[in-house]
Amino acid sequence: FVGLGFKLGFGGALTFEPARQLRRLAAELPLDTIVLETDAPDIPPHWLYTPAAARAAGVPMGRNEPAELPRIAAELARLRGIGLDALSAATEANVRAALPRLAALRAA
């Protein structure tokens, strides 16, 4: 997909340490292929996750929201060994490349 020009979205799932393959991809793929996403309201990051036993006891699953993106971005930056500002600039450029009409929406 990367060879076809697609951008790959990473969200809450990459915050789980057992997601080794996903975390490896997030760390190793070229930075210009990555965007951030929330998968909102599904796939919460580890800090919002409710284990199955707790859900069975009536504890609701945490709801993923765009407000979680800064912490998800911080984890991605840590995995890649880069600063948060560099990650933010790169992923914003990637979103603009993937969604070129987004700039016009933001200006409106």
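This is a dialogue between a student and a tutor on reading the features of one predicted model.

Student: Where do we start? How many helices and strands are there in the chain?

Tutor: Start with the elements and their order. This chain has 5 helices and 2 strands. From the N terminus on, they run β-α-β-α-α-α-α.

Student: What does the C-alpha trace span along its principal axes?

Tutor: The spans are about 45 × 35 × 25 Å.

Student: And what percentage of the residues count as buried?

Tutor: Burial is read from relative accessible area, and buried means under 20%. Of the 108 residues in this chain, 26% count as buried.

Student: Now the salt bridges. How many does the structure hold?

Tutor: Read a salt bridge as a side-chain nitrogen of Lys or Arg within 4 Å of a carboxyl oxygen of Asp or Glu. The structure holds 5 salt bridges. Begin with arginine 23 and glutamate 75, whose closest N and O atoms are 3.0 Å apart. This pair links distant parts of the chain. Arginine 23 sits in helix 1 (residues 20-28) and glutamate 75 in helix 3, 52 residues apart.

Student: Is arginine 23 buried or exposed?

Tutor: Arginine 23 is buried, at a relative accessible area of 10%. Its partner glutamate 75 is buried too, at 17%. Both values can be checked against the cut-off: buried means under 20%.

Student: Which residues are linked with Arg23 in a network of salt bridges?

Tutor: Look for a residue that takes part in two pairs. Glutamate 75 pairs with arginine 23, and glutamate 75 also meets arginine 78 in a salt bridge of 2.8 Å, N to O. Arg23, Glu75 and Arg78 are thus linked in a network.

Student: Why are arginine 78 and glutamate 75 separated by about one helical turn?

Tutor: Count along the helix. The two are separated by about one helical turn because they are 3 residues apart in helix 3. Arginine 78 is exposed, with a relative accessible area of 51%, whereas glutamate 75 is buried.

Student: Which residue does glutamate 28 meet in a salt bridge?

Tutor: Glutamate 28 meets arginine 24, at 2.8 Å from N to O. They lie 4 residues apart in helix 1, so about one helical turn separates them. Next, compare their exposure with the cut-offs: exposed is over 50%, and partly exposed lies between that and the buried limit. Glutamate 28 is exposed at 52%. Arginine 24, at 36%, counts as partly exposed.

Student: Let us turn to the backbone. Which residues does a cis peptide bond join?

Tutor: Check omega. Here alanine 40 and proline 41 are joined by a cis peptide bond, with omega about 0°. Proline 41 is placed in the loop between strand 2 (34-36) and helix 2 (52-56).

Student: What is phi of aspartate 39 near?

Tutor: With phi, look at the sign and at the residue type. Aspartate 39 has phi near 60°, a positive value in a residue other than glycine. Aspartate 39 is also in the loop between strand 2 and helix 2. This residue is partly exposed, with a relative accessible area of 28%.

Student: And what is phi of isoleucine 43 near?

Tutor: It is near 45°, again positive in a residue other than glycine. Isoleucine 43 has its place in the loop between strand 2 and helix 2. At 43% relative accessible area, isoleucine 43 is partly exposed.

Student: Next, the largest pocket. How much space lies in it?

Tutor: Take the volume, then the lining. About 260 Å³ of space lies in the largest pocket. The lining has 13 residues, and the closest to the pocket centre are Leu36, Leu69, Ser88, Thr91 and Glu92.

Student: Which helix supplies the largest share of the lining?

Tutor: Helix 4 does, with 7 residues. Helix 3 (69-80), helix 4 (84-98) and helix 5 (102-107) each supply at least two.

Student: How many nonpolar, polar and charged residues does the lining have?

Tutor: Sort the lining by class. The result is 8 nonpolar, 2 polar and 3 charged residues.

Student: Last, the surface. Which residues make the nonpolar patch?

Tutor: Phe1, Leu4 and Phe6 make a nonpolar surface patch of about 410 Å². Phenylalanine 1 lies in the segment before strand 1 (8-10). Phenylalanine 1 is exposed, with a relative accessible area of 69%.

Conventions. Residues are numbered from 1 along each chain as its sequence is written. This is a predicted model: local features need pLDDT of at least 70, side-chain atom pairs count only at pLDDT 80 or more; totals for chains, interfaces and linings use all residues. Side-chain values use heavy atoms; hydrogens and water are left out. On a 1 Å grid over the protein atoms alone, a cavity is a set of points where a 1.4 Å probe fits but cannot get out, and a pocket is an open set with protein on both sides within 12 Å along at least five of seven lines; lining residues have an atom within 4 Å of a point. Grid points are joined across faces, edges and corners, and a volume is the space filled by probe spheres set on the points. Ala, Val, Leu, Ile, Met, Phe, Trp, Tyr, Cys and Pro count as nonpolar, Asp, Glu, Lys and Arg as charged, and the others, Gly among them, as polar. Patches are made of residues with over 30% relative accessible area and no salt bridge: like charges are joined within 9 Å, nonpolar side chains (Val, Leu, Ile, Met, Phe, Trp, Tyr) within 5 Å. Accessible areas come from the Shrake-Rupley method with a 1.4 Å probe; for residues, only the protein chains shown count as cover. Buried means under 20% relative accessible area, exposed over 50%, partly exposed in between (1.4 Å probe, protein chains only).
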